[in-house]
Structure formats: C-alpha cells, structure tokens
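Welcome! Below are a few exercises, each with a solution that goes step by step. Please take a look at the structure before you begin.

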Amino acid sequence: MARPDLLKLLRQRPILCDGGMGTQLMAAGMTAGEPSARWNLDHPDVVQSVHRRYRQAGCDLLTTNTFQATRTALAQHHLENQLELINQAAVANARKGGGDDAIVLADVGPFGGFLEPVGETTEEELRDIFTQQLQVQHRSGADAVIIETMSDPREVAVAVRAAKAVADWPVIATYAFARSADGGFRTMMGNTPADALHQAIQAGADVVGANCGTDLELQDYLELAGQLVAAGQGYPVILQPNAGAPKMVDGQSVHPASAGQMAEMIRPLLKTGVRIIGGCCGTSPSHLKAMGEVLASARQK
Ligand SMILES: [Zn+2]
C-alpha cells in the first residue's frame, strides 16, 4: 500500500499521532539518564516493538526515537560520532515497526543550549546542527518532520527553515507550554501561544501546536487547544498532551491519566478544531488505542 501524504490526509480527516517513547523505553528497562537515542542501536527490537504497538493501536504517524539525537544532544553522552548510525537506525526502526504505509516523522528536540545572546550558539551554527540530523533522516526514508517540546520560537524558526532546506516535506512544530501567572499559557521563554505559533508559521511550518505541557492537567490542555486553534491562522493544529501532570508515588514520578480519561478528551478536542491528536509523556499504546477508537467513531458522523 502506498504511503498517504500527510497534508492530503489532514484535509480528509483528523489524524492520530503516536504517544510517548521515553516512558515506554523506561518501562522496558532504560534507566534515567541513559541516552535514549542509543537504544536505536543497542535494542532495535524494543524500539521497533514500541512503534509496532502504536501502529497497531491505530496511529497514523510514528515519531522516530531521536528526540535527543542532534550532535549537541549526543555530545552530552560522547556519542556525537554516532549521529549518522543512530539517526539512520531510528528511521529504520520506525519503518520496520510501522510498516510501509505508516507516516514516519523525523523527530527533532531542543538542541540543548541557548541561542545568542542568552547562550553562545549562533543561528548559523544551530541551522547546521539541525540540517545534519535531518539530512540523515531524510536519506533514511523519513516522510515528514516534527520539531517538538520547544521553548524558544527563534530555535523553532531555525529548525523549520533547516528542515525545509533539506527537502520539500511537511514540517510540524510544537511547543511546551506552562500556566503563566496571569492564568494564560507561556513557553519557558515567555512566549504566548499566539506569538510562538506565529513565528513557526512565518518560518514555514505546515502544522503547529503543543506537546508535553509542564504540569498541565487534561482540562488545561483543552483550554490550550482552543487558544492554539485561534493562534493557528487556519493552519492545522496538533496537540500531544502528557497523561496528566506527573505525581510522585512511592518516590516515582507517575503520569496519572488513564486511557479512558484521555479518550474522553477526544470529542471536546475535535470540537476546538484540533486536527492531529497524539500523546506525550506517560501515554502508552493502550492510551492511544482508546483515543483512536473515539477518533474513528467521531469521524463517521
Ligand atoms: Zn513529553
């Protein structure tokens, strides 16, 4: 079966992205602080099985396990010389797990520093960092890009432009928001949803939105969704909530929202106009399966 085109599919129906990878790898034995990107090489079977379970749960979009696989993120573990191998293996794992008709998203996370003048990295250096990672994933067969958990719209703009220069492929950009003192939502750098999304769209993003909110409950995500759609200027909006705000249980951080609770969000989220729904930290294939079932039944009306 031929792979669907992400933007064409979006015009036809709301679609389901996948859920958390990190929390799934932790459940499979990865320890905190271990470089998750290395699991693409050391435990390809585990990574493939996470992708496979998301695909079987009904996810149209599978995200490569490369949230921390730019050369700067890899350098924190002295793995920068494995950038090519790791990013290549990550795309192969998503494709093997998801099959030929899954849409594989090349995952790009924050590079791990700050742009000038707060930090020392220039926009030109940053562009090169993202380009290097994305060239490997494009060559390896990724279909589109997701730039996620971002705090700085300037970093997003550099990443989006780098992605668009690598290939003519769809680019999704998402930010992490937290509640601000005035009751609204802001990124860590202080940007409102309107400001953050505007800058991503200006840079050329095809889909914009949010993932991995800081201490946001499911109700907060619903409110945020409305603001994102209003800020989206008619561009398709994606939302990938965590399974609620994490709570400490017996010294362990636990995301409390059940699959059923997350499934209950689907209809209200669709009502806000969100077009892609997935999950972030704490979500599992069973969460996405329950969410996907409601999404499929909502589509039929
Ligand atoms: Zn997350």
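**Exercise 1.** Which residues point one way from strand 8, and which point the other way?

*Solution.* Begin with two notes on reading the model. Residues are numbered from 1 along each chain as its sequence is written. This is a predicted model, in which local features need pLDDT of at least 70, side-chain atom pairs count only at pLDDT 80 or more, and totals for chains, interfaces and linings use all residues.

Step 1: find the strand. Strand 8 covers residues 207–211; strands (E, at least two residues) and helices (H or I, at least four) are DSSP runs, numbered from the N terminus.

Step 2: sort the side chains. In a regular strand the side chains alternate between the two faces of the sheet. Here V207, G209 and N211 point one way, while V208 and A210 point the other way.

Step 3: check burial. A residue is buried if 20 or more other C-beta atoms lie within 10 Å of its own, exposed if 12 or fewer, and partly exposed in between, with C-beta atoms placed from the backbone. In strand 8, 5 of the 5 residues are buried, so the strand is largely enclosed by the rest of the structure.

**Exercise 2.** Place strand 8 among its partners in the sheet.

*Solution.* Step 1: take one partner. Strand 5 (residues 171–175) runs parallel to strand 8 and is joined to it by 4 bridges; two strands pair if DSSP finds at least two bridges between them. I172 stands opposite V207, and Y175 stands opposite A210.

Step 2: take the other. Strand 9 (residues 237–240) is also parallel to strand 8, with 4 bridges joining them. V208 faces V237 across this pairing, and G209 stands opposite I238.

Step 3: step on from strand 9. Its V237 and L239 on one side and I238 and Q240 on the other are all buried. Strand 12 (residues 276–277) runs parallel to strand 9, with 2 bridges between them, and I277 of strand 12 stands opposite L239.

Step 4: write out the sheet. It is open, with 8 strands in the order 1-12-9-8-5-4-3-2 and parallel pairing. Strand 1 (15–16) and strand 2 (61–63) stand at the edges with a single partner strand each, so one side of each has no neighbour in the sheet.

**Exercise 3.** Which helix lies between strand 8 and strand 9 in a right-handed β-α-β unit?

*Solution.* The helix is helix 10 (residues 218–231). Right-handed means that, with the strands pointing away from the viewer, the path from the first strand over the helix to the second runs clockwise.

**Exercise 4.** Which residues have the most contacts inside the largest nonpolar core?

*Solution.* Step 1: define the core. It is a set of buried Ala, Val, Leu, Ile, Met, Phe, Trp, Tyr and Cys residues joined through C-beta atoms within 7 Å.

Step 2: name the residues. The largest such core has 93 residues, and L105, V145, I147, V160, I172 and A200 have the most contacts inside it. Helix 8 (residues 153–166) gives the largest share, 8 residues.

Step 3: look around A200. Leaving aside neighbours within four places in sequence, A200 is in contact (C-beta atoms, placed from the backbone, within 7 Å) with residues including V160, A173 and V208.

Definitions and conventions:
Two residues are in contact if their C-beta atoms, placed from the backbone, lie within 7 Å.
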